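Visitor: I would like a close look at a single part of this protein, namely its cysteines and the setting in which they sit. Please take me through it carefully, in one connected answer.

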Amino acid sequence: MDPVYAVSDLHAVILAGGKGTRLRPYTTTIPKPLVPIGDDCAILEIVMRQLSRAGFRRVTLTIGHLGELIKAYVGTGAQWGLDCDYASETSPLGTMGPVVSILDRLPEHFLVLNGDILTDLPYAALLASHAASRAPITIATYQREVSVDFGVLEVVEGRVVGFREKPTLDYSVSMGVYALSRETLAHYPSGQPLGFDRLVLDLLAVGRNPASYPFAGYWLDIGRPEDYDRANEEFAGLRSQLLPDS
């Protein structure tokens, strides 16, 4: 089992290079991680403050679309007690492609997360769980219910053999937060696109099953305008939960 992490070992990579097309018009002139929540602070600032409180001291931000605005906003990260550096994407590299390009900057185990999520997930505990598990990747997972508005038929060889009227299905979904080991990505070529989906399928194909880190607290992926509106409606009531020291 790996040793207990020292504070200096906690390194996070924040994916902040996307164009945020699903969140337009909010992202027409500012990158998605910088859209304000509750007229108070940007999504990215909330994430940075949470990481700092969890004991992280080093953060690398992968940037692309309007990346100079992110650099101007975050700077060195010193205002949150963080040491921040940047990696620029000249073309889209997917979720894991940008991480492959900066492996030489990262410790043996590290965190990767989207820069547009609101959650009170315990980041340091996720990373410690991953290090102890020896899994190639640990995926923070959340239970989602999906309601089907139709009667669902089970059909075998042209015959209906089962029926469920408007069922509710339960799924474990990825939260967009991952703990990884450097060796998991070491054999992928730098500068080439690599999606989270391909990485997981590649690992499953060779019998290297990812680990799941189930979480039942607050989580909201701000991908659509309705998600952003919900975040603004809920933030005042969640502030003490998301930012306990504020």
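Guide: What follows looks at the cysteines and then at the chain around them. The model is a predicted one, and a search of the whole structure finds 0 disulfides. The sulfur of Cys 41 has its closest cysteine sulfur in Cys 84, at 15 Å, and because a disulfide is counted for sulfur atoms within 2.5 Å, that separation is too far for a bond. Seen from the other side, Cys 84 is likewise in no disulfide, with the sulfur of Cys 41 as its nearest cysteine sulfur. Cys 41 has a relative accessibility of 4%, and therefore counts as buried; Cys 84, at 9%, also counts as buried, since the cut-off for that class is under 20%.

As for the setting, 46% of the 246 residues of the chain count as buried, and the exposed area of the chain comes to about 12,300 Å², of which carbon and sulfur atoms supply 52%. The chain contains 7 helices and 13 strands, and of the contacts between residues at least 6 apart in sequence, 73% join residues that are at least 24 apart. Its radius of gyration is 19 Å, which agrees with the value near 18 Å that a compact globule of 246 residues would have, while the C-alpha atoms fill a box of roughly 65 × 45 × 35 Å along the principal axes. Finally, the chain carries 21 positive and 29 negative side chains, and the centres of these two sets lie 2 Å apart.

Definitions and conventions
Residues are numbered from 1 along each chain as its sequence is written. This is a predicted model: local features need pLDDT of at least 70, side-chain atom pairs count only at pLDDT 80 or more; totals for chains, interfaces and linings use all residues. Side-chain values use heavy atoms; hydrogens and water are left out. Helices (H or I, at least four residues) and strands (E, at least two) are DSSP runs, numbered from the N terminus. The radius of gyration is taken over C-alpha atoms; the globule rule is 2.2 Å times the number of residues to the power 0.38. Buried means under 20% relative accessible area, exposed over 50%, partly exposed in between (1.4 Å probe, protein chains only). Contact means heavy atoms within 4.5 Å. Accessible areas come from the Shrake-Rupley method with a 1.4 Å probe; for residues, only the protein chains shown count as cover. Lys and Arg count as positive and Asp and Glu as negative; His and the chain ends are not counted. The place of a charge is taken as NZ of Lys, CZ of Arg, CG of Asp or CD of Glu.
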